[in-house]
Every structure is written in structure tokens, then in C-alpha cells.
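Biologist: I've never looked at this one before. Please pick out one part and walk me through it slowly, in plain words.

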Amino acid sequence: MNFFCIFAVMKEKEELRQSLKANPRLKKWLDYVIMNQRDARPRWYIRLLAPFYQHRGRDSKIYSSVRMDTPPYRKFSLGKRSVIESFCCINNAVGDVIIGDDTRIGIHNTIIGPVTIGNHVNLAQGITVTALNHNFKDTSLRIDEQGFSTKPIVIGDDVWIGANAVILPGVTIGKHVVVAAGAVVTKDVPDNTIVGGVPAKEIKKILKMGV
């Protein structure tokens, strides 16, 4: 079976990931073939084939300097007319990354899945959106021996996130929200709200037109 066949199957069925869990040796071999173990990113020949298994909507753009750590066994989708600007890092190795239509991911952003970003979202510069956390509860082990956990992040439509903000695992940001520059968002943000600070707290509500 060639790589194109592997990619097609992996992309199509979530059940395959579940079946691989029951076959650790096969899973380990596939992981070795696909991922550079030292660099923790897809191997160069996998990256060359990315256009065949990524979904990029009409008139979307990913700048050439973007680090696309998107192995084929997870989903990456970029919506119509959306842009990922220079020097970003997009990583779906531990969870899907879904970006909607008319959304702009600003310069030097880092997005680690599982993350879903809606339509008409603007992320400024230097933002980290990470659904991954390293485990560190067992003091008898090094942190890098304890694995990791993920909690999905959801960012709704019509959201503006200011420069150098951090969105932490498990957070849901509602629609029509502004996150101030430098904020660290640790809990859910309701619709029509401005938040800021460390940790981020509500600053004010955004009134609807005509209210």
C-alpha cells in the first residue's frame, strides 16, 4: 500500500485511529514512518504530500514560512478566503485544527489542536491557542515521561483576539467577543463580551445594534 492510500484511509475514518490503539506495534511503526521523533513534526516526505490530505478552501492562503505540523491522521481544514500569515505554527498531531471562512491567523501565532475556530475571526500577532497540556502530577517521574492531555478549544464567529494573548485548554469563546492584548484566557467567555487581564476577566458587555 503506498502513502497516498494510507493518507486517504487515515483521513476518512476515525475508526482507524481507534483500531490502531488496539495494535500498539502497528501504531508505533506508522508513527515512526510519519513523524520525525526528534523534531516532533511530520517527516519531510510527508510534508511534501500535505496538499493531498489537507483541506484548503477557495481563495485561502498559507504563507510559505508557516510551520505546518499536520500529519495525515488528523484533520486540518482552512475555510474559504482565510489566511494564515507568516511564521505561524499549526499543529494537529494530537487533535484536529478546523478554521472557518474569512478568518485571519496573524503573524507568529501558534495553534495546537484540537482547536475549532469560527468564521470572521481575527487573531492578531504572537497569540498562542493550545489545547495541549503536559502531565506533571507524579513527582517520581520526569515531566517528559508523564505524557500529555488535551481539552478542545472552540472560538466562535466574529471574534477578535489581541496580540500576545494566550487561550488555554478547554476554553470556549462565544460569538462577537473581544479578547484584550496580553490576556490569558483560562475559562469560557460568553457571547458579546470583552475580556482582558491575567487571568482574563470580563471588562464589559458589547451591546447589540439598536440596544
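**The hairpin and the sheet around it**

Modeller: Start with S23 and S24, which run antiparallel and are joined by four bridges. Before going on, a word of caution: this is a predicted model, where local features need pLDDT of at least 70 and side-chain atom pairs count only at pLDDT 80 or more, while totals for chains, interfaces and linings use all residues. Residues are numbered from 1 along each chain as its sequence is written, and side-chain values use heavy atoms, with hydrogens and water left out.

A strand here is a DSSP run of E with at least two residues, numbered from the N terminus, and two strands pair if DSSP finds at least two bridges between them. Back at the hairpin, Ile194 has Lys204 in S24 as its bridge partner. Four residues sit between the two strands, and in this hairpin Gly197 takes a positive phi near 100 degrees.

Now look at the other neighbour of S23. Strand S21 (residues 177-179) pairs with strand S23 (residues 193-196) over two bridges, this time in the parallel sense. There, Val179 stands opposite Val195.

Zoom out and you get an open sheet of eight strands, in the order S4-S7-S10-S13-S18-S21-S23-S24, with mixed pairing. Its edge strands are S4 (61-62) and S24 (201-205), each pairing on one side only. So one arm of our hairpin, S24, is an edge strand. Further along the sheet, strand S10 (residues 104-105) and strand S13 (residues 122-123) pair in the parallel sense over two bridges, with Arg104 opposite Asn122. As a general point, side chains in a regular strand alternate between the two faces of the sheet.

The other edge is worth a stop too. Lys61 has its charged end over the ring of Tyr63, 4.3 Å from the centre. That wording applies if NZ of Lys or CZ of Arg is within 6 Å of the ring centre and within 35 degrees of the ring normal. Arg43 does likewise, lying over the face of Tyr32 at 4.6 Å from the ring centre.

For contrast, there is also an open sheet of six strands, S5-S8-S11-S14-S19-S22, with parallel pairing. Strands S5 (67-69) and S22 (184-185) are at its edges with a single partner strand each, so one side of each has no neighbour in the sheet. Within that sheet, two bridges join the parallel strands S14 (residues 128-130) and S19 (residues 166-167), and Thr128 has Val166 as its bridge partner.
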